[in-house]
Amino acid sequence: LAWSTGMKLFIGSLPYGITETELLEIFNGYGNVVSAKLIMDHYTGQSKGFGFVEMETRSEGHKAMEDLNGKEYKHRRLVCNEAQAQKRKGSRRR
């Protein structure tokens, strides 16, 4: 298993009507986008207003983060920072 040299970013405060293609286009200007994923509501199929973008290199990720954090996009002020490692959800049964 190779270690990723890329950087995964958390993107918040996205317009609810945004598509993954639009999200990809926002970040394409900063380098190679490995993946762009919007988080959708399981029941309504609507965007939850946040997602994750993985950039190929950390320098591309940092550049995108510095440029886009706090920037206005379609009347929303974006939140863009490094994604935290996902915590494993333990079983709720006892």
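This dialogue reads the sheet, helices, core and pocket of a predicted model.

Student: Where do I start with the sheet, and in what order do its strands lie?

Tutor: Start with pairing. Strands of a sheet pair through backbone hydrogen bonds, either parallel or antiparallel. Here four strands form an open sheet, ordered β2-β3-β1-β6, with antiparallel pairing. β2 (33–40) and β6 (79–82) are the edge strands, each pairing on one side only. From one strand to the next, the twist averages 20°.

Student: How many bridges join β1 to β3?

Tutor: Five bridges link β1 (residues 7–12) with β3 (residues 47–55), and the two run antiparallel. Follow the register residue by residue. K8 has E54 as its bridge partner in β3. F10 stands opposite F52 in β3.

Student: And how many join β1 to β6?

Tutor: Four bridges, again with the strands antiparallel. On this side, G12 stands opposite V79 of β6.

Student: Now the helices. Which strands does α1 lie across?

Tutor: Look at contacts, then at direction. Helix α1 (residues 20–28) lies across β1, β2, β3 and β6. Its direction is at about 140° to β2. Helix α2 (residues 58–68) also packs on the sheet and touches β1, β3 and β6. The direction of α2 makes about 20° with that of β1.

Student: What should I look for in a core, and which residues touch the most other members here?

Tutor: In soluble globular proteins, nonpolar side chains tend to be buried together. The largest nonpolar core in this model has 20 residues. L9, I11, L23, F27 and V53 touch the most other members. At least two residues of this core come from each of β1, α1, β2, β3 and α2.

Student: Take L9. What does L9 touch?

Tutor: Leave out residues up to four places away in sequence. Among the contacts of L9 are then F27, F52, V53 and M55. The list also includes G61, A64 and M65, as well as C80, N81 and E82. Set that beside the elements: F27 falls in α1 (residues 20–28), while A64 falls in α2 (residues 58–68).

Student: Last, pockets. What is the volume of the largest pocket?

Tutor: Rolling a probe the size of a water molecule over the atoms shows where empty space is left. The largest pocket here has a volume of about 430 Å³. It is lined by 13 residues, and K8, A83, Q84, A85 and Q86 are the closest to its centre.

Student: Which strand gives the largest share of that lining?

Tutor: β1, with three residues. β1 and β3 each supply at least two residues of the lining. K8 ties two readings together: this residue bridges to E54 in β3 and is among those closest to the pocket centre.

Notes:
Residues numbered from 1 in each chain as written. Predicted model: local features only at pLDDT ≥ 70, side-chain atom pairs only at ≥ 80, totals over all residues. Heavy atoms only, no water. Pairing = 2+ DSSP bridges. Axes fitted to C-alpha atoms, helices over the stretch in contact; angles between N-to-C directions. Contact = heavy atoms within 4.5 Å. Core = buried A, V, L, I, M, F, W, Y, C linked by side-chain atoms within 4.5 Å. Buried < 20%, exposed > 50% of the residue type's maximum accessible area, 1.4 Å probe, protein only. 1 Å grid on protein atoms, 1.4 Å probe; cavity = no way out; pocket = protein on both sides within 12 Å on 5 of 7 lines; lining within 4 Å. Points joined across faces, edges and corners; volume = space filled by probe spheres on them.
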